[in-house]
Amino acid sequence: MTVRYDDFAVEWLGYATARLAPEDGPVAYTDPGRYGVLDDYWARDGDLVVVTHDHHYDPEGIRSVASEEATLVIYDAVDPEGIDRDVESIDSLADDYDVIRVDDEARVDVHTPAGEATVWSVAAHNDPEGPNAGPDGSVTHPPGLGCGFLLGLGDRTVFWPGDSDALDAFAELDVSVFLANIGGGGIVSDRHTSADLAERMDPDLVVPIHYDTFEKLEADGEAFAGDVAARSIPVALDARSANQ
């Protein structure tokens, strides 16, 4: 199922992968791949692909969604040599695509055949004193491991926080579509903290993703949607992808 917001389409393909498509403008993908979510998916229509951190770095997924002239925006701490999976190097990807590395305070204007896009990166992590921290302050996603992205596509802005808590700073962003991370599991923000963030952020639309991919990320998308709707914020579920 594709969620449509006026002339803008959002499709959750599973895990952290969303396809974002304005009617007249570049197609973007967030964190494509892993855990089989892109098996048999070979669109190759993405003008822009963003990768938040090592856990979501999947070159096969990138190649399945990226067009021949795609721009890849990859957080600068992503290091294939330190990943405990056999993955293609970023240098190898750069032989076929325009690769831009960013820190967590960057703005990049991307020129694509389908039009202009703007990418802002933002700090995104688990707070060592937050709900996903262990007794010793250890977290799965410490500061500096990854980032979130605010994407300007057409006349919309889409926020994907990556694997992060619902940080207070996110509420200050000007967001049209919030891709809410609701899987919890001691890994990312859960449905309750993401609903609270949505209320403070006040986007035009909320679409939950990054849940039910595996047992630790199990979450009740319908309960989240009801909570957000009760706060008078438009919300839509991509139920097909949630059940993959």
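Me: On a 1 Å grid over the protein atoms alone, a pocket is an open set of points with protein on both sides within 12 Å along at least five of seven lines, so how much space lies in the largest pocket?
Reply: About 180 Å³ of space lies in the largest pocket, where a volume is the space filled by probe spheres set on points joined across faces, edges and corners. This is a predicted model, in which local features need pLDDT of at least 70 and side-chain atom pairs count only at 80 or more, while totals for chains, interfaces and linings use all residues. Residues are numbered from 1 along each chain as its sequence is written, and side-chain values use heavy atoms, leaving out hydrogens and water.

Me: Which residues are closest to the centre of that pocket?
Reply: The largest pocket is lined by 14 residues (each with an atom within 4 Å of a point), and Arg34, Asp39, Asp58, Glu60 and Gly61 are the closest to its centre.

Me: And what's the mix by class in that lining?
Reply: The pocket lining has five nonpolar, four polar and five charged residues, where Ala, Val, Leu, Ile, Met, Phe, Trp, Tyr, Cys and Pro count as nonpolar, Asp, Glu, Lys and Arg as charged, and the others, Gly among them, as polar.

Me: Switching topic, how many cavities of 30 Å³ or more are there?
Reply: The structure holds one of 30 Å³ or more, a cavity being a set of points where a 1.4 Å probe fits but cannot get out. The largest cavity has a volume of about 40 Å³.

Me: What lines the largest cavity?
Reply: His53, Ala124, His141, Leu145, Gly146, Cys147, Pro161 and Asp163 line the largest cavity, and they divide into four nonpolar, three polar and one charged.
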